[in-house]
Every structure is written in structure tokens, then in C-alpha cells.
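Reader: Before I use any labels for parts of this fold, I would like to understand how each one was reached. Could you take me through the reasoning?

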Amino acid sequence: MSYVLHYAPDNASLVVRLVLEELRLPYRTALVDRSVSAQRGADYRRVNPVGRIPALETPDGPMFETAAICLWLADRHRDAVHLSPEATDPARGSFLSWLFFLSNSVHAEMRNLFYPHLVAGPDPDQQAVASQQIQTSLTAHFDILNRLYPRTEHSPSISDLYLAVLLRWPALYPVAADQGWFDLARWPNLHALAQRTEMRDSALAAVRAEGLGPTPFSNPHPATPPEGSAL
């Protein structure tokens with residue numbers, strides 16, 4: 001069995017790449033060239049009809065939405081590596097709550113922070129107000145995660161991998177904005193998770209593939225990908 005990951009460097013496809021690497025699954029990549037807005041083109045929309053990155057081609061057909069892909073992979077390939085509790089595990093409910101909090105709240109609000117015109121329209125003043133509100137909300141989310149997010153004792157869960165990537169982006173994006181509101185040192189438990197994750201073989205593979213630098217999650221620097229563009 002082999003998969004095709006439709007990706008762009010330092011995009012949400014990075015989470016799926018980490019999961020594929022953790023599961024040691026064979027896959028190949030197909031670059032979605034953001035410099036020409038390939039994600040909006042007809043060819044890519046045949047794989048992901050909403051025109052966002054990532055998408056994963058599977059033997060059962062294409063999939064989209066980061067959390068859905070990762071959960072499907074973890075549940076389907078749990079013979080050697082467990083990245084999610086089984087459906088009957090008492091820990092499954094808590095796991096799903098945190099995973100969908102990351103996907104539906106943290107990631108969704110982060111996207112609005114990177115593209116404030118989506119929520120505030122074209123007016124720069126309104127965008128600035130929206131960005132400030134989103135920063136306040138994200139700070140509260142990180143406070144909760146730092147205090148309550150459960151530590152995985154053995155192999156990471158897919159939500160650990162997802163969270164590590166989400167800790168990377170606020171330090172870098174939007175490129176022209178002031179990222180001073182985000183200081184990972186403020187949240188020591190999250191900082192420790194970022195450090196643990198970037199030492200794993202899956203992260204080292206992603207670093208090589210996408211040019212993420214030696215400390216991609218705990219002290220990130222702009223990507224220098226060997227192909228494609230992060231923006």
C-alpha cells in the first residue's frame with residue numbers, strides 16, 4: 001500500500017507527513033505549487049474539492065482535512081505504532097476532544113490570523129482589530145493547553161504531532177506582522193513538547209524534505225524548502 005501526499009512546504013500537510021513518517025508508511029509527495037495558486041486549480045480540486053492543503057490519495061480514494069487524514073491513518077495502521085487510542089479505550093474521548101480542539105479552534109483561528117481579510121474584509125484597520133482579537137483568543141488557548149493537555153508517555157499521538165506544528169507557525173507568520181505576542185517560553189509544557197517532537201526521526205525527515213531548520217518547533221526559522229514555496 002502506498003499513499004500520495006499533496007503538500008506544500010510548511011503547510012498543514014506537514015502534520016500528515018509527520019504521521020506518515022511515524023507510522024513508517026510508504027508514500028510519495030506531489031507538490032502543490034502555491035506560487036501559482038495551484039491549490040485553487042481544477043486539477044487539484046479533483047483531489048481536494050475545497051482547494052486547501054493537504055490532500056492524501058489512498059487506495060480507498062482521496063481524503064482532505066488534516067485531522068481527518070491523521071485520524072484515519074492512525075486507526076487504519078495501528079498494528080505496529082499506536083498514535084491514537086482504540087475506539088473502545090477509555091482514553092478515546094479525551095483524545096478526540098483535544099484533537100478536535102486543535103483542529104476546529106486553534107488551527108482555524110490561526111488561519112484567520114494569517115489571513116485577516118477573511119474575517120475582517122479589505123480595511124486595514126478592521127484587519128488590525130481582528131488580528132488583536134485572534135491573538136488574545138489564541139493566547140488563552142495556549143494557556144489551556146499548557147495547563148491541561150495530557151503528556152504522552154511513550155510514542156506521540158497524532159494530536160501531539162499536530163500541536164507541535166501549530167506551535168511553529170505563530171512565531172513566523174504572517175511574515176510582515178509583529179510576532180511579539182507569541183513567546184513559547186511562556187508555556188513551558190508546550191515548549192517541552194516541541195523539543196521532544198523535533199528530536200524524533202519523523203521530524204528529522206520532515207526537516208530534510210521541507211527545509212525547516214534544526215529546531216523547527218521549539219525555535220523555528222523560516223523554511224528554506226528544496227522545492228516549492230510555503231506561501
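Author: In this predicted model, helices H4 and H6 are roughly antiparallel to each other.

Reader: What makes H4 and H6 roughly antiparallel?

Author: H4 (residues 92–114) and H6 (residues 124–148) pack at an angle of about 155 degrees, with their axes 9 Å apart. Angles over 145 degrees count as roughly antiparallel, and the pair is therefore given that name. H4 also passes H6 in a left-handed crossing. Among the residues that make the contact are Trp 98, Phe 101 and Leu 102 of H4, and Ile 134, Leu 138 and Phe 142 of H6; by class, the contact has 12 nonpolar, six polar and one charged residues.

Reader: Why does Gln 179 count as buried or exposed, and where is Gln 179 placed?

Author: Gln 179 is placed in the loop between helix H7 (158–168) and helix H8 (188–198). Buried means under 20% relative accessible area, and Gln 179, at 18% relative accessibility, therefore counts as buried. Leaving aside its neighbours within four places in sequence, Gln 179 is in contact with Pro 170, Ala 171, Leu 172, Tyr 173 and Pro 174. Two of these residues, Tyr 173 and Pro 174, are joined by a cis peptide bond, for which omega is about -5 degrees, and Pro 174 likewise lies in the loop between H7 and H8.

Reader: How do you know on which side of H8 the buried residues lie?

Author: The buried residues of H8 are Leu 190, Leu 193, Ala 194, Thr 197 and Glu 198. Because they cover an arc of only 125 degrees around the axis, they are on the same side of H8. What covers them includes H6, H7 and helix H9 (201–210). H9 in turn has buried residues, including Ala 203, Ala 206 and Val 207, and the buried residues of H9 pack against strand E1 (3–7), helix H1 (13–22) and H8.

Reader: Why does Arg 24 count as exposed, and why does Glu 65 count as partly exposed?

Author: Exposed means over 50% relative accessible area, with partly exposed lying between that and the 20% limit for buried. Arg 24, at 65%, therefore counts as exposed, whereas Glu 65, at 43%, counts as partly exposed. Arg 24, in the loop between H1 and strand E2 (27–31), has a positive phi of about 55 degrees although it is not a glycine. Glu 65, in the loop between strand E4 (61–64) and helix H3 (66–76), has a positive phi near 80 degrees, again in a residue other than glycine.

Definitions and conventions. Residues numbered from 1 in each chain as written. Predicted model: local features only at pLDDT ≥ 70, side-chain atom pairs only at ≥ 80, totals over all residues. Heavy atoms only, no water. Axes fitted to C-alpha atoms, helices over the stretch in contact; angles between N-to-C directions. Helix = DSSP H or I, 4+ residues; strand = E, 2+ residues; numbered from the N terminus. Parallel < 35°, antiparallel > 145°, perpendicular 65-115°, else oblique. Left-handed = near helix turned anticlockwise from the far one by under 90°. Contact = heavy atoms within 4.5 Å. Nonpolar A, V, L, I, M, F, W, Y, C, P; charged D, E, K, R; others polar. Buried < 20%, exposed > 50% of the residue type's maximum accessible area, 1.4 Å probe, protein only. Arc of directions from axis to C-beta.
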